[in-house]
Amino acid sequence: MYNFSFNKTYFWLLLFTFSVMEVSAQENPPIPIEVEVRTSRNLNFGSFTAGNSGGNVTVSYDDQRSVDGDIFELNFGQPVSAALFDVYANPGTIIQIEDMGPFTLENQETGLQIQLFINSFSTGQRTFVTQAPNAQTPNEIFVGGTLRIPSDNSGNLPGTYFGNFTLNFIHQ
């Protein structure tokens, strides 16, 4: 004779065990996944002068300026600097930097416009993994770029240029 009451007891014991215990195969990710980016320093190309042929002025992510074409560096005025962004995110977060360039900078006195290209990142590429030990410690991301100075400047080139650039920090 088969004992159904014994099997019923095991069935209720197993049902009770699985209803109390939570079984998971993988640790849940920290929730919520948040990324906060703060601008700590602006991109500055310093002072330079341009001849009639134009050229390019580049500031790399490590604050090094280089020129080509008919451009001459001047060593006065504001110091050359790459932009610095502090990225706050959980350790191990994969972040991709997306820029919407090229961007336009405008001379406030003459209205002449020059183009800015964002093309130098301290991460080496546009996708990186956050390394800071926690979400309260910033991951410093240095960003450089290139100014394209037009060849036809007809005397309207000197002055101070202002503009903005936008970077999207996308987490995965």
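## Glutamine 115 in strand 7

Glutamine 115 sits in strand 7. Keep in mind throughout that this is a predicted model. Is glutamine 115 buried, exposed or partly exposed? With a relative accessibility of 32%, glutamine 115 goes down as partly exposed, because that class lies between the 20% limit for buried and the 50% limit for exposed.

Setting aside residues up to four places away in sequence, glutamine 115 touches Pro102, Phe103, Thr146, Leu147 and Arg148. Valine 143 is 28 residues away from glutamine 115 along the chain, and their C-alpha atoms are 16 Å apart.

## Serine 120, on the same strand

Strand 7 covers residues 113-121, and serine 120 belongs to it as well. This serine is buried, at a relative accessible area of 11%. What does the side chain of serine 120 reach? The partner is the backbone nitrogen of tyrosine 61, at 2.9 Å.

The contacts of serine 120, leaving out neighbours within four places in sequence, are Val59, Ser60, Tyr61, Phe142, Val143 and Gly144. So tyrosine 61 turns up in that contact list as well as at the other end of the 2.9 Å approach, which is a pair of atoms inside the 3.5 Å limit for a polar contact.

## The whole chain

Here's the wider setting. The chain has one helix and 11 strands, and the helix comes at the N-terminal end of the order, with the strands following. Of the contacts with a separation of 6 or more, 73% are between residues 24 or more positions apart.

How does the radius of gyration sit against the globule rule? A compact globule of 172 residues would come out near 16 Å, but this chain has 28 Å. Along the principal axes, the C-alpha atoms fill a box of roughly 105 × 25 × 25 Å. Buried residues make up 30% of the 172. The chain exposes about 11,300 Å², with carbon and sulfur atoms supplying 52% of that area. On the charge side, there are 6 positive and 16 negative charges, and their mean positions are 9 Å apart.

## Arginine 65: a buried charge with partners

Arginine 65 is in strand 3, which runs over residues 65-74. Its relative accessible area is 15%, so it counts as buried; the cut-off for that label is under 20%. Which groups does the side chain of arginine 65 meet? A polar atom of that side chain lies 2.8 Å from the backbone oxygen of serine 47, and there is a polar contact with the side chain of glutamate 73 at 3.1 Å.

Both partners show up again in the contact list of arginine 65, which leaves aside neighbours within four places in sequence: Phe45, Gly46, Ser47, Val57, Thr58, Val59, Glu73, Leu74, Asn75 and Val80.

## Phenylalanine 48 in strand 2

Phenylalanine 48 lies in strand 2, which spans residues 47-59. At 23% relative accessibility, phenylalanine 48 is partly exposed. Beyond four places in sequence, its contacts are Val57, Ile71, Phe72, Glu73, Leu74, Leu147 and Ile149. Glu73 is therefore in this list and also in the list for arginine 65, where contact stands for heavy atoms within 4.5 Å.

Valine 67 is 19 residues along the chain from phenylalanine 48, with 9.2 Å between the two C-alpha atoms.

## Backbone details in the loops

A few loop residues are worth a look. Aspartate 63 is in the loop between strand 2 and strand 3. What is the phi of aspartate 63? The value is positive, about 65 degrees, although the residue is not a glycine. Aspartate 63 is partly exposed, at 29% relative accessibility.

Proline 102 falls in the loop between strand 5 (94-99) and strand 6 (103-107). The peptide bond leading into it from glycine 101 is cis, with omega near 5 degrees. Proline 102 is also one of the residues that glutamine 115 touches.

Another proline, 158, is found in the loop between strand 9 (139-149) and strand 10 (161-162). Proline 158 is exposed, with 58% relative accessibility. How far is proline 158 from asparagine 107 in space? The C-alpha to C-alpha distance is 8.2 Å, for two residues that are 51 apart in sequence.

How values were computed:
Residues are numbered from 1 along each chain as its sequence is written. This is a predicted model: local features need pLDDT of at least 70, side-chain atom pairs count only at pLDDT 80 or more; totals for chains, interfaces and linings use all residues. Side-chain values use heavy atoms; hydrogens and water are left out. Helices (H or I, at least four residues) and strands (E, at least two) are DSSP runs, numbered from the N terminus. The radius of gyration is taken over C-alpha atoms; the globule rule is 2.2 Å times the number of residues to the power 0.38. Buried means under 20% relative accessible area, exposed over 50%, partly exposed in between (1.4 Å probe, protein chains only). Accessible areas come from the Shrake-Rupley method with a 1.4 Å probe; for residues, only the protein chains shown count as cover. Lys and Arg count as positive and Asp and Glu as negative; His and the chain ends are not counted. The place of a charge is taken as NZ of Lys, CZ of Arg, CG of Asp or CD of Glu. A polar contact is a pair of N or O atoms within 3.5 Å; within protein, one must be able to donate a hydrogen and the other to accept it, and residues adjacent in sequence count only if both atoms are side-chain atoms.
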